[in-house]
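Student: Could you walk me through one part of this structure up close, and then show me how the parts around it are put together? I'd like to have it residue by residue where you can.

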Amino acid sequence: MKERTTELVEGLRHSVPYINAHHGKTFVILLTGAVLKSNNYSSIISDIGLLYSLGIKLVIVNGARNQIDESLKNQNIEPKYHKNTRITDAVTLDIIKQVTGMLQLNITASLSMSLNNTPLQGAHINVVSGNFVIAQPLGIDEGIDYCHTGKIRRINNEAIDEQLNRGSIVLLGPVGVSVTGESFNLASEDVAAEVAIRVKAEKLISFCAEQGVLDEQGKVITDLFPIDADNYVNRKQQLGKYLSSEARFLKAASKACRNGVRRSHLVSYLIDGAILQELFSRDGIGTQVAKEHSEQIRLATINDIGGILELIRPLEEQGILVKRSREQLEMEIDKFTIIERDNMTIGCAALYPYQEEKMGEMACVAIHPDYRNSSRGDLLINTVASRAQNLGLNKIFVLTTRSIHWFREKGFNPAEVDDLPIKKKQLYNYQRNSKILMLDII
């Protein structure tokens, strides 16, 4: 029981920066047809209710591809496609309107539930749908008439913003209306991306069966740049494969990212609480598409002192690192390199050059406990070594009392006090009796 309590408390503490960061922001969430059919649907709705209660403005776009295909099959109607796009004749359009209308009513009902002993107790969510998406016909391509399949003409983002500011959740489906009073079948991924762009959403979120985009070894790719997402979709198209909802979302996410949406996330609808784990933890659980990697290594600035102190203080208290005051850090901040993940410093190292001997000291090396079994240490060493080379240095050395074997594994070799630069030799603390290790970088 104590372990569970500790885990809960730590989880809440770690989520606070994300709660503060997300409050008042707009998220667009795409619920595909597969999500609406999944056994985890009710939990996802509860998680959406939690996001709403945390002050996040929400636009939900629902897909219906699975339900439409199922309904067509039940009526012995063969679906028709051209270039991975559904051809929507009059009969198919009637079925689509019936299916999407029913789904929207069901989603509204799910979000409206506020019974006692349910996750949405006391939420009192107001769900608004309307003619926010104006469509036009896709037209004819290579002699093929798409009929009532459409594309987005414009988004009434002012009306959406007005409803969001009133505290409502806006619910949109894959059917748009035209200025001539017609209805058109739209790709839900296109609707989600275009709405996210127009309302200047912070995030675009969707779901898939896997934990995210997987590499050839079946491992989750945590970060993709827009070009990576484009390449993934292009490979699928070149193989002549029907584009899955996952691939369609990546295509939409790439577009959204290039047009101002900071991050798009793809998580599994089969993992309970996946959306919460993705949004309220440093490492997330799925795949995100962003112009900037969530983690970067860079030279420190004066604004990073607080993060560095938070990282090194426990190691100083254990006697692993030599104590540094805030004032000392302020004077030496230009010597530091940090690894930053989601605005948190998870690694640091300093380089003190001794130009006369063409040597540099790598000091204050620290990695956050959650990332010590990773390659961050190698990244710091390589970055500091590269920086030393740029300064014309031939060697870097470390003084350590606890991490001797770790540095030896990284290629550092034992050295003596007499091998140190003259100024460092004069400052060597014989009482601390640190081991000296050196690495050739030429």
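**A close look, starting from T345**

Tutor: Let's start with T345, which sits in strand β19, a run that covers residues 344-354. Keep in mind as we go that this is a predicted model. T345 has a relative accessibility of 10%, so this threonine counts as buried, given that the cut-off for buried is under 20%. As for what it touches, leaving aside residues up to four places away in sequence, T345 is in contact with G307, I308, L311, I338 and I339. You can also relate T345 to A300: the two are 45 residues apart along the sequence, and their C-alpha atoms are 9.9 Å apart in space.

Now follow the strand to the pocket. β19 is one of the elements that supply at least two residues each to the lining of the largest pocket. The others are α12 (326-332), β20 (359-367), α13 (376-390), β21 (395-400), α14 (404-409) and α15 (422-427). Of the contributors, β20 gives the most, with seven residues. The pocket holds about 970 Å³ of space, and 36 residues line it. If you want to find its centre on screen, pick out I320, L321, C364, V365 and L399, which lie nearest to it. As for the character of the lining, 19 of its residues are nonpolar, seven are polar and 10 are charged.

One of those central residues deserves a closer look if you care about cysteines. The structure holds zero disulfides. C364 is in no disulfide, and its nearest cysteine sulfur, belonging to C348, is 4.5 Å away. A disulfide here requires two sulfurs within 2.5 Å, so that pair doesn't qualify. C364 has a relative accessible area of 5%, so it is buried. C147 makes a contrast: with 31% relative accessible area, that cysteine is partly exposed.

Before leaving this region, look at the loop that joins β19 to β20, which is where K358 lies. K358 has a positive phi of about 55 degrees even though it isn't a glycine. Its relative accessibility is 40%, so it counts as partly exposed. There is a second lysine like this elsewhere in the chain: K83 also has a positive phi of about 55 degrees without being a glycine. You'll find K83 in the loop between β3 (81-82) and β4 (85-86). At 52% relative accessibility, K83 counts as exposed, because the cut-off for that class is over 50%.

Next, two strands that the rest of the structure wraps around. In β15 (residues 263-268), six of the six residues are buried, so the strand is largely enclosed by the rest of the structure. Both of its faces are covered: R263, H265 and V267 are buried on one side, and S264, L266 and S268 are buried on the other. β13 (residues 203-208) tells a similar story. Six of the six residues of β13 are buried, so this strand too is largely enclosed by the rest of the structure. On one side of β13 the buried residues are K203, I205 and F207, while L204, S206 and C208 are buried on the other.

So how do these strands line up with their neighbours? β13 and β15 pair in the parallel sense, over six bridges. To trace the register, note that S206 stands opposite L266 in β15, and that C208 has S268 as its bridge partner there. β13 also pairs in the parallel sense with β1 (residues 26-31), over three bridges, and F27 stands opposite K203 there. β15 is joined to β16 (residues 287-290) by four bridges, and those two strands run antiparallel. One place to see that pairing is S264, which stands opposite V289 in β16.

Last, step back to the whole chain. It has 15 helices and 23 strands, and its C-alpha atoms fill a box of roughly 90 × 55 × 35 Å along the principal axes. Of its 442 residues, 47% count as buried. Among contacts between residues at least 6 apart in sequence, 70% join residues at least 24 apart.

Terms used: Residues numbered from 1 in each chain as written. Predicted model: local features only at pLDDT ≥ 70, side-chain atom pairs only at ≥ 80, totals over all residues. Heavy atoms only, no water. Buried < 20%, exposed > 50% of the residue type's maximum accessible area, 1.4 Å probe, protein only. Contact = heavy atoms within 4.5 Å. 1 Å grid on protein atoms, 1.4 Å probe; cavity = no way out; pocket = protein on both sides within 12 Å on 5 of 7 lines; lining within 4 Å. Points joined across faces, edges and corners; volume = space filled by probe spheres on them. Nonpolar A, V, L, I, M, F, W, Y, C, P; charged D, E, K, R; others polar. Pairing = 2+ DSSP bridges.
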